[in-house]
Amino acid sequence: MVVLLVIAQYATKWLPAGFASLSEGRLNAWHLAIGPAILLLMLLRLAWRLTHHTPQPPSDLPVPLRLLSRGTHWLFYAILVVLPALGWIAASGYGAVTGAKPRARSCSRTKVRVGR
Ligand code: HEM
């Protein structure tokens, strides 16, 4: 589910405006909707992970591989929480989420005009 949402999230930025009759504004709106959904799902997933037991790896698994598998899991959690959180913070910073007048510099794809 989260993987599909992350793919869709990239697609909203990489697909050309007009794809499937979606205007650039529509694609941006989807981007702003899917991002927080990813964050919410990941926080729920993380809460579940922290409160439930998970299957133990095979007892004969070498320690380096055991550490690698645990590390990879937690790295995915970290990336999938930090990435949408940073996107949200950054977008809020120049008003993309709230619709407030942008304060920061122009942004590549959203064509936000700033300054006077
Ligand atoms: C897993 C989560 C996310 C991924 C993978 C992602 C991915 C991207 C990508 C690839 C771009 C295009 C960057 C460029 O063209 O230079 C982008 C831009 C943007 N993202 Fe996200 N994003 C995520 C979450 C969010 C969230 C949660 C928000 C806000 C609620 C957000 C708001 C924006 C905005 C406003 C832009 C336009 C920035 C610009 O035009 O410079 N993103 N994002």
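# Exercises on a three-helix chain

In helix α2 the buried residues are Leu27, His31, Ile34, Gly35, Ile38 and Met42. The exercises below refer to a predicted model.

**Exercise 1.** State which helices the buried residues of α2 pack against, and place α2 within the overall pattern of the protein chain.

*Solution.*
- Step 1. The protein chain contains 3 helices and 0 strands.
- Step 2. Along the sequence, the pattern is α-α-α.
- Step 3. The buried residues of α2 pack against α1 (2–14) and against α3.
- Step 4. For the chain as a whole, 9% of the 116 residues count as buried.
- Step 5. Among contacts with a separation of 6 or more, 52% come from residues 24 or more positions apart.

**Exercise 2.** Determine how far α2 and α3 reach from first C-alpha to last, and set each value against the expected one.

*Solution.*
- Step 1. Helix α2 has 28 residues and reaches 41 Å, close to the 40 Å expected at 1.5 Å a residue.
- Step 2. Helix α3, residues 63–93, has 31 residues and reaches 44 Å, close to an expected 45 Å at 1.5 Å a residue.
- Step 3. The number of buried residues among the 31 of α3 is 2, so α3 lies largely in the open.
- Step 4. Just after α3, glycine 95 adopts a positive phi of about 85°.

**Exercise 3.** Describe the packing of α1 and α2, and decide whether they are roughly parallel or roughly antiparallel.

*Solution.*
- Step 1. Two packed helices are described by the angle between their axes and the distance between the axes.
- Step 2. The axes of α1 and α2 cross at roughly 155° and come within 9 Å.
- Step 3. Angles over 145 degrees count as roughly antiparallel, and α1 and α2 are therefore roughly antiparallel to each other.
- Step 4. Their crossing is left-handed.
- Step 5. From α1, the residues Val2, Leu5, Val6, Ala8, Gln9, Thr12 and Lys13 meet Leu27, Trp30, His31, Ile34, Gly35, Ala37, Ile38, Leu41 and Met42 of α2.
- Step 6. By class, this contact of α1 with α2 comprises 11 nonpolar, 4 polar and 1 charged residues.

**Exercise 4.** Give the corresponding description for α2 and α3, including the classes of the residues in contact.

*Solution.*
- Step 1. Helices α2 and α3 pack at an angle of about 140°, and their axes are 9 Å apart.
- Step 2. The crossing in which α2 passes α3 is left-handed.
- Step 3. On the α2 side, the contact is made by Leu32, Gly35, Pro36, Ile38, Leu39, Met42, Leu43 and Leu46; on the α3 side, by Tyr77, Leu80, Val81, Pro84, Ala85, Gly87, Trp88 and Ala91.
- Step 4. The residues of this contact of α2 with α3 divide into 14 nonpolar, 2 polar and no charged.

**Exercise 5.** Classify leucine 80 as buried or exposed, and identify its contacts beyond four places in sequence.

*Solution.*
- Step 1. Leucine 80 is located in helix α3.
- Step 2. A residue is buried if 20 or more other C-beta atoms lie within 10 Å of its own; leucine 80 has 21 C-beta neighbours inside 10 Å and therefore counts as buried.
- Step 3. With neighbours within four places in sequence left aside, leucine 80 is in contact with Val2, Ile38 and Met42.
- Step 4. Leucine 80 and leucine 43, 37 residues apart in sequence, have C-alpha atoms 9.2 Å apart in space.

**Exercise 6.** Assign a burial class to tryptophan 30 and to leucine 4, and give a C-alpha distance for each.

*Solution.*
- Step 1. Tryptophan 30 belongs to helix α2, residues 24–51.
- Step 2. Because tryptophan 30 has 17 C-beta neighbours inside 10 Å, the residue counts as partly exposed.
- Step 3. Tryptophan 30 lies 9.6 Å from lysine 13, C-alpha to C-alpha, the two being 17 residues apart in sequence.
- Step 4. Leucine 4 is found in helix α1.
- Step 5. Leucine 4 has 9 other C-beta atoms within 10 Å and is therefore exposed.
- Step 6. Leucine 4 and isoleucine 38 are 34 residues apart along the chain, and a distance of 9.9 Å separates their C-alpha atoms.

How values were computed. Residues are numbered from 1 along each chain as its sequence is written. This is a predicted model: local features need pLDDT of at least 70, side-chain atom pairs count only at pLDDT 80 or more; totals for chains, interfaces and linings use all residues. Helices (H or I, at least four residues) and strands (E, at least two) are DSSP runs, numbered from the N terminus. The expected span of a helix is 1.5 Å times one less than its number of residues. A residue is buried if 20 or more other C-beta atoms lie within 10 Å of its own, exposed if 12 or fewer, and partly exposed in between; C-beta atoms are placed from the backbone. Two residues are in contact if their C-beta atoms, placed from the backbone, lie within 7 Å. Axes are lines fitted to C-alpha atoms, for helices over the stretch in contact, and angles run from 0 to 180 degrees between N-to-C directions. A crossing is left-handed if the near helix is turned anticlockwise from the far one by less than a right angle, and right-handed if clockwise. Ala, Val, Leu, Ile, Met, Phe, Trp, Tyr, Cys and Pro count as nonpolar, Asp, Glu, Lys and Arg as charged, and the others, Gly among them, as polar. Angles under 35 degrees count as roughly parallel, over 145 as roughly antiparallel, 65 to 115 as roughly perpendicular and the rest as oblique.
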